[in-house]
Amino acid sequence: MEQAVKEGKYIYCIIKESKPKKFGVLGIGGRGDQPYTICSDGVSAVVSNAPIKKYAVSRDNTLAHEKAIEEVMKEYTVLPVRFCTIAENENVVRKILEHEKDKLTPLFNKVEGKRELGLMAHFKEEAIYAEVLEKYQDIKRLKKEIEMLPPLKTYHQRMEIGRMVETALREENETYKELILESLIPLAEEVKENNRYGEIMIINAAFLVKKEKEAEFDAKVNELDDKYGRFMRFKYTGNLPPFNFVNLIIDTSTFAQCPTGKYSCS
């Protein structure tokens, strides 16, 4: 016989709010649950009703989690809570808020009045390889030496050229990453470099920027695009919840009435 899944409160983020409030977005799980606040002494957790279970890190689930936070962020400074943090009930959520309040204050101070801006840059393959061949004379020379020879007689030279191009590309990658960071870091309060994927990705970074510096930051990114756009492609995203700078990990079992319940996915 299938056991019924217990209902809990899925926590999206923490905000400064002392009144009950609902948000016009659907919560996780696809049941139509609407996020709302549970308040305690001037701060609130934004939650929705949800079964207590481990949610898969799927596109639908992560999008629902992020969209709820983005909707709240239209009105409030938000402290995002780690994906799949579920408390047993409203009383447990209030206990969390009471216990964690001293830790929340410096986090609010850290992100208040600031925005997370994301920047990725990739080399345009054809353009950067042409740039490498033009810039690295040893590669250019070896390539010229073998261009009239039959492919079967130049296997080792072509392998060597491949290795040289790979090394040159790594050097170019690091050089341009540093140039981009040197341009943008002075305008940011904090920077987080995330993993890069593939040899043509130059940078994958998040910047925490004061709102009054955002226009200047935008202009600097446009300047970089003007300068390097012939061989580089930028993806610039703004107005994001500060996922890269705050990600609250709450072990809800510490506060749960049922000591055997451990619902956080951490």
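Strand E2, residues 36-40, is a good place to start in this predicted model. E2 is mostly covered, with five of its five residues buried. If you follow the side chains along E2, Tyr36, Ile38 and Ser40 point one way, while Thr37 and Cys39 point the other way. Both sets are buried, since buried here means under 20% relative accessible area.

Now look across to the partner of E2. Strand E3, residues 43-51, runs antiparallel to E2, and five bridges join the two. To find your bearings in this pairing, pick out Thr37 again: this residue of E2 stands opposite Val46 in E3. Between the two strands, the chain turns through a hairpin with two residues in the connection. There, Asp41 takes a positive phi near 50 degrees, so keep an eye on the backbone at that residue as you trace the hairpin of E2 and E3.

Further along the chain, let's turn to an open sheet. Its four strands come in the order E7-E8-E6-E9, and their pairing is antiparallel. At the edges sit strand E7 (190-193) and strand E9 (232-240), each of which pairs on one side only. From one strand to the next, the twist averages 20 degrees.

The E7 edge of this sheet is worth a second look. E7 pairs with strand E8, residues 201-210, in the antiparallel sense, and four bridges make up the pairing. For a landmark here, take Val191: its bridge partner in E8 is Phe207.

Conventions:
Residues are numbered from 1 along each chain as its sequence is written. This is a predicted model: local features need pLDDT of at least 70, side-chain atom pairs count only at pLDDT 80 or more; totals for chains, interfaces and linings use all residues. Side-chain values use heavy atoms; hydrogens and water are left out. Two strands pair if DSSP finds at least two bridges between them. Axes are lines fitted to C-alpha atoms, for helices over the stretch in contact, and angles run from 0 to 180 degrees between N-to-C directions. Buried means under 20% relative accessible area, exposed over 50%, partly exposed in between (1.4 Å probe, protein chains only).
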